[in-house]
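Biologist: Could you pick one part of this model for me and take a close look at it, then follow whatever adjoins that part through the rest of the chain?

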Amino acid sequence: MSIVFQPVAGRLGAQVSGVNLGADLSAETFNAVHQALLKYKVLFFREQHLDDRQHEHLSSYFGEQVPHPTVRSAQQSQAILHLDARETRANSWHTDVTFVANPPKISILRGVVIPAFGGDTVWANTAAAYADLPAPLQLLAEQLRALHSNVYDYVVPRHTGELGSRRYREEFTADVYETEHPLVHVHPETGEKALVLGHFVKQLQGLAPNDSKHLLRLFHERITHLDNTVRWRWQTGDVVIWDNRATQHVAINDYGEAERIVRRTTLDGDVLVGVDGQPSLAIKPSADARSPKHESDKKHLAA
């Protein structure tokens, strides 16, 4: 069967047919998927029904898998992040793990248990948002840098009570990460310029808090405008692959107490680089802090 990429929305997103992600991918198939990912930013695959081993095998084609820097995996594999709606809900706009200097380049998410209604995920194109800015705002954005931190993580406990919320927060922020990113970075593969924003941003560096707040809102609204998004209605067995360097996403919290479980892997990314050639700067827990590739790296960073 030939591979078909069917656009889902005008700015980003394509549904893929003709690919079995649970099998070995030929070089030709992987190249087609990879090039489509760079073009469409988000790829949707129906009826894949991967297990953890197949999920990891698929991820290995795209690069080196890295665990979440602060959240321990509930799975045997540290590379797979288990996300259960009874514990956490990613219900605010974000790019994955921007509180480190080298956020993941690609994320791969699969639907394990999907509610009968609600629970869609929406992605936005951060490269198109930058490209649509008037020239004076592009110039301003290229000169700004923002502080990102895991203190305001998107994964928040629900219905655990004050004690449970406090315990989760203490665990998540046991090692506080802070990183300064350019507000606009250059995509290392496509050369596109893209905005770097989302829930982890605390402030724009060198600006008064009120000025920072207004400018962040201005740029963020350009990203999340409905015309710049694609929405996916999950089914059990779906797999979604997205370019974390050119997107934001949010899981819509509209399914009440229904069970929703998804699992994610992330692929090691490069340190972001601004239009001026200046890289992102890790501040906490150290200037060498990066996404840890192994559990031993976490212990090293915490030392």
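Modeller: Happy to; what follows starts from one small sheet and works outwards.

The model is predicted, so local features need pLDDT of at least 70 and side-chain atom pairs count only at pLDDT 80 or more, while totals for chains, interfaces and linings use all residues. Numbering starts from 1 along each chain as its sequence is written, and side-chain values use heavy atoms, with hydrogens and water left out.

The part I have chosen is an open sheet of 3 strands in the order S15-S8-S17, with antiparallel pairing. Strands here are DSSP runs of E of at least two residues, helices are runs of H or I of at least four, and both are numbered from the N terminus; two strands pair if DSSP finds at least two bridges between them. S15 and S17 are the edges of this sheet, each with a single partner strand, so one side of each has no neighbour in the sheet. Strand S8 covers residues 121-125 and is joined to S17 by 5 bridges, in the antiparallel sense. Within that pairing, Ala 124 stands opposite Gln 248 of S17.

From S15, residues 229-232, the trail leads to the aromatic side chains. The whole structure holds 7 aromatic pairs, counted where the ring centres of Phe, Tyr or Trp (its six-membered ring) lie within 6.5 Å, with planes under 30 degrees apart called stacked, over 60 edge-to-face and the rest tilted. Among them, Phe 44 and Trp 232 are stacked, at 4.3 Å centre to centre and 10° between the planes. This pair brings together distant parts of the chain: Phe 44 belongs to strand S3 (residues 42-45) and Trp 232 to S15, 188 residues apart. Trp 123 and Trp 242 join these two residues in one aromatic cluster. Phe 44 is counted as buried because its relative accessibility is 0%; buried means under 20% relative accessible area, exposed over 50% and partly exposed in between, with a 1.4 Å probe and protein chains only. Trp 232 is buried too, with a relative accessible area of 4%.

Which way do the side chains of S3 point? Val 42 and Phe 44 face one way from S3, Leu 43 and Phe 45 face the other way, and all are buried. That is the usual pattern, as side chains in a regular strand alternate between the two faces of the sheet. S3 also runs parallel to strand S2 (residues 14-17), with 3 bridges between them, and Ala 14 is found opposite Leu 43 of S3. Ahead of S3, Lys 41 sits in the loop that comes from helix H1 (27-40). Its phi is near 75°, a positive value in a residue other than glycine. Lys 41 counts as buried, because its relative accessibility is 3%.

Now back to S17, at the other edge of our sheet, and on to the enclosed space. The model has 3 cavities of 30 Å³ or more; a cavity is a set of points on a 1 Å grid, over the protein atoms alone, where a 1.4 Å probe fits but cannot get out, and lining residues have an atom within 4 Å of a point. The largest cavity holds about 200 Å³, a volume being the space filled by probe spheres set on the points, which are joined across faces, edges and corners. Its lining has 19 residues, with Leu 83, Ala 90, Ala 251, Arg 260 and Val 262 nearest the centre. Strands S5 (81-84), S6 (89-90), S17 (247-251) and S18 (261-267) each give two or more residues to this lining. S17 gives the most, with 3 residues. By class, the lining of the largest cavity has 10 nonpolar, 4 polar and 5 charged residues (Ala, Val, Leu, Ile, Met, Phe, Trp, Tyr, Cys and Pro are nonpolar, Asp, Glu, Lys and Arg charged, and the others, Gly among them, polar).

The second largest cavity holds about 90 Å³. It is lined by 13 residues, and Thr 95, Val 196, Asn 244, Arg 245 and Leu 272 are the closest to its centre. This second lining divides into 6 nonpolar, 6 polar and 1 charged.

One last stop follows from S6, one of the strands lining the largest cavity. Val 97 lies in the loop between S6 and strand S7 (106-113), and its phi is near 55°, again positive in a residue other than glycine. Val 97 is buried, with a relative accessible area of 2%.

Notes
1 Å grid on protein atoms, 1.4 Å probe; cavity = no way out; pocket = protein on both sides within 12 Å on 5 of 7 lines; lining within 4 Å.
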